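Please take the sequence and the structure together, and keep both in view while you read. The paragraphs are meant to be followed slowly, one element at a time.

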Amino acid sequence: MPIILDHQLREQIPHAAAEFPVRYYHDELSELPDWAGPFHWHPDFEIATAARNVLDYQVGQQHVALEPGESIFVNGNVLHRVRQASGGSPDPVPIILFSAAAIAPEHSVIHQKYIQPVARCDGLPFIVFRGGSGLHGEVNRLIQDTCRRLSEGAPCYEMAVQRNINSIFEYIFCNLKRFPRYEATRVQLKSQIRLQKMLTYIYEHYAQPVTLQEIAASAHISRSEAGRCFRTYMDCSPVEALIGYRLQTARRLLGERSLTLQEISAACGFHSVNYFSRAFRKAYGCAPGQDRSLGK
């Protein structure tokens with residue numbers, strides 16, 4: 001299931017999440033060029049696992065290598081993305097998203113006493129659960145069991161999932177002072193805010209003609225500074241990020257099979273079908289029509 005983002009780069013959570021505030025995703029990387037996800041953030045906590053290959057999980061400017069079987073906890077409202085760093089086929093990347101409501105109501109003592117200290121810890125954007133034995137091994141076991149139960153959806157799975165998440169969060173809270181801190185400098189925080197503004201502009205205006213000057217102006221900075229921000233965080237130019245999002249959106253529309261290639265090209269901001277086809281082939285290795293015929 002591909003990651004779908006809203007115009008604020010927050011992951012769109014289905015309405016049913018209000019009934020059970022835990023969601024499970026997998027197979028995202030197979031839908032994306034270079035098996036790399038987009039930068040995004042969301043208010044929910046995220047736990048992801050490297051299933052078969054090494055993953056490069058980028059949180060802010062920090063890069064974390066996850067070996068198979070290892071997991072990462074990403075705090076809420078933190079910029080992050082994942083890229084597969086090894087292997088010849090896309091990793092399923094089991095991902096669990098859950099809100100604080102999965103543990104306790106917002107105004108409860110449990111929320112204030114145990115959840116807020118984690119959620120409001122600016123120096124703790126992520127926690128890595130390495131492989132091996134010990135407590136990290138137990139946490140990884142709980143994560144794997146949670147993914148299995150969410151995938152299977154057997155009777156009473158919600159209660160088992162909630163129990164596992166409570167245990168994982170209890171471990172995080174009890175060891176809060178032991179985890180490494182990653183305090184961002186004032187310059188890094190400013191750059192991240194600028195990047196968020198520019199990405200938001202791209203996601204809101206991708207279907208329209210967009211210039212580098214307009215992207216930079218959305219963050220009230222120069223074109224050169226905009227380029228520096230994107231290179232620092234995303235290793236690409238602002239225009240390349242724009243094209244990448246247009247292509248991701250186009251591929252999703254191809255899967256829906258309700259629009260022609262010309263309509264998809266126009267809807268995604270490409271000035272011609274030929275240019276769209278060339279860019280698509282460069283990113284995905286096949287023409288848009290072939291991608292649709294293969295059912296990808």
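What follows is a walk through the sheets, the helices and the cysteines of this predicted model.

A word on sheets in general may help at the start: the strands of a sheet pair through backbone hydrogen bonds, and the pairing is either parallel or antiparallel. With that in mind, look for the open sheet of five strands, whose order is β1-β7-β2-β5-β8 and whose pairing is antiparallel. At its edges stand β1, residues 22-25, and β8, residues 126-129; each has a single partner strand, so one side of each is left without a neighbour in the sheet. If direction is ignored, neighbouring strands of this sheet are turned by 15 degrees against each other on average.

Within this sheet, one pair can be followed in detail, namely strand β2, which covers residues 45-49, and strand β5, which covers residues 71-74; the two pair in the antiparallel sense over four bridges. To find the register of this pair, look for alanine 48, which stands opposite isoleucine 72 in β5. Helix α2, made of residues 134-152, packs on the sheet and touches β1, β2, β5, β7 (95-98) and β8, and the direction of α2 makes about 100 degrees with that of β8. Helix α3, residues 157-174, also lies across β1, β2, β5, β7 and β8, and α3 runs at about 105 degrees to β8.

Now turn to another open sheet, which has three strands in the order β4-β3-β6, again with antiparallel pairing. Which strands form the edges here? They are β4, residues 62-66, and β6, and each of them pairs on one side only. From one strand to the next, the twist averages 20 degrees.

Strand β3, residues 55-59, is joined to β6 by five bridges, and the two run antiparallel; leucine 55, for example, has glutamine 84 in β6 as its bridge partner. Five bridges also join β3 to β4, and here too the strands run antiparallel, with tyrosine 57 having valine 64 in β4 as its bridge partner. As for strand β6 itself, which spans residues 80-84, it is mostly covered, since four of its five residues are buried.

Further along the chain, two helices meet: the axes of α6, residues 223-234, and α7, residues 238-256, come within 8 Å and cross at roughly 60 degrees. The helices α6 and α7 are therefore oblique to each other. Where they touch, Ala226, Gly227, Phe230, Arg231 and Met234 in α6 meet Pro238, Glu240 and Ala241 in α7. Sorted by class, this contact of α6 with α7 has five nonpolar, one polar and two charged residues.

The cysteines come last. In general, a disulfide is a covalent bond between the sulfur atoms of two cysteines. How many disulfides does the structure hold? The number is zero. Cysteine 121 is in no disulfide, and the nearest cysteine sulfur, that of cysteine 174, is 15 Å away, whereas a disulfide would need the two sulfur atoms to be within 2.5 Å. Are these two cysteines buried or exposed? Cysteine 121 has a relative accessible area of 16% and is buried, because buried means under 20%. Cysteine 174, at 55% relative accessibility, counts as exposed, because exposed means over 50%.

Methods:
Residues numbered from 1 in each chain as written. Predicted model: local features only at pLDDT ≥ 70, side-chain atom pairs only at ≥ 80, totals over all residues. Heavy atoms only, no water. Buried < 20%, exposed > 50% of the residue type's maximum accessible area, 1.4 Å probe, protein only. Pairing = 2+ DSSP bridges. Axes fitted to C-alpha atoms, helices over the stretch in contact; angles between N-to-C directions. Parallel < 35°, antiparallel > 145°, perpendicular 65-115°, else oblique. Contact = heavy atoms within 4.5 Å. Nonpolar A, V, L, I, M, F, W, Y, C, P; charged D, E, K, R; others polar.
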